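Please examine the sequence and the structure shown below. The report that accompanies them concerns strand pairing and the nonpolar core.

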Amino acid sequence: MNLKSSFALILLFILVASCDKKRVFDRYDSVGKKWHKDSIITFSFEQKDTVALHNLFLNLRNNKNYPYSNLFLIVELEDPNQKTVVDTLEYIMANPDGTLLGSGFSDTKENKLYYKEKYQFKKPGNYTVRIQHAVRNSGKINGVETLEGILDVGFRIELTE
C-alpha cells in the first residue's frame, strides 16, 4: 500500500469515527452458528453520568436463516447496587411477506432496536446488561432450543439530543 492510500484510509477512519458523537457505549458479541436458549450475552460498562438522558439499544445482526417474523428477548439491567430490572421484549423482524427488516444490502441485516428511551442512570458505577432469547413456536410451551439466523447481539448507549 502506498503512502497516499494509507493516508486516505486513515482519514476515512477518522471521519467515520468522529461522526458518532452520541455514542457512549457500543459493542457486539457473536452468538456462533446458533443461539442456544441458555446462552446469555453479557455486556458490562461503567457509567459516570447520572444527569444526562440516554437511549439504550439492542443491536442485532441476522440473516435469511432467521425463520420467524418476530423475536422475543429477556433483557436484564443490573445497577451498581446489584438491583436488577428484567424486561421481556418483542421485536418485529420481518415484513408480512417474509422480507427481513433492518439495514444492509446483503442477506445480513442490522437492526437497531430501542430498549429504553430517555433513560437516566440513577447511580454512577458498573452496570451489566444480560440478553437471552425467549423464542417459542406457536402452541408450544418449551422455547426454541437453538435459534438460527441471529449472528451477533450488541448493546449501544447514546446521549439523547
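The following paragraphs describe a sheet, one of its strands and the core.

This is a predicted model, in which local features need pLDDT of at least 70 and side-chain atom pairs count only at pLDDT 80 or more, while totals for chains, interfaces and linings use all residues. Residues are numbered from 1 along each chain as its sequence is written, and side-chain values use heavy atoms, with hydrogens and water left out.

An open sheet of four strands, with antiparallel pairing, follows the order S1-S10-S4-S7. Strand S1 (23–30) and S7 are the edge strands, each pairing on one side only. From one strand to the next, the twist averages 15°. Strands are DSSP runs (E, at least two residues), numbered from the N terminus; two of them pair if DSSP finds at least two bridges between them.

The table gives bridge partners of residues in S4.

| Residue | Bridge partner | Strand of partner |
|---|---|---|
| Leu56 | Lys116 | S7 |
| Leu56 | Ile157 | S10 |
| Arg61 | Glu110 | S7 |

S4 pairs with S7 over eight bridges and with S10 over nine bridges. Eight of the nine residues of S4 are buried, that is, under 20% relative accessible area with a 1.4 Å probe, protein chains only.

The largest nonpolar core has 30 residues, and Leu58 and Phe155 are among those with the most contacts inside it. Such a core is a set of buried Ala, Val, Leu, Ile, Met, Phe, Trp, Tyr and Cys residues joined through side-chain atoms within 4.5 Å. Phe155 touches residues including Leu56, Leu58 and Tyr115, not counting residues up to four places away in sequence; contact means heavy atoms within 4.5 Å.

How values were computed. Buried means under 20% relative accessible area, exposed over 50%, partly exposed in between (1.4 Å probe, protein chains only). Axes are lines fitted to C-alpha atoms, for helices over the stretch in contact, and angles run from 0 to 180 degrees between N-to-C directions.
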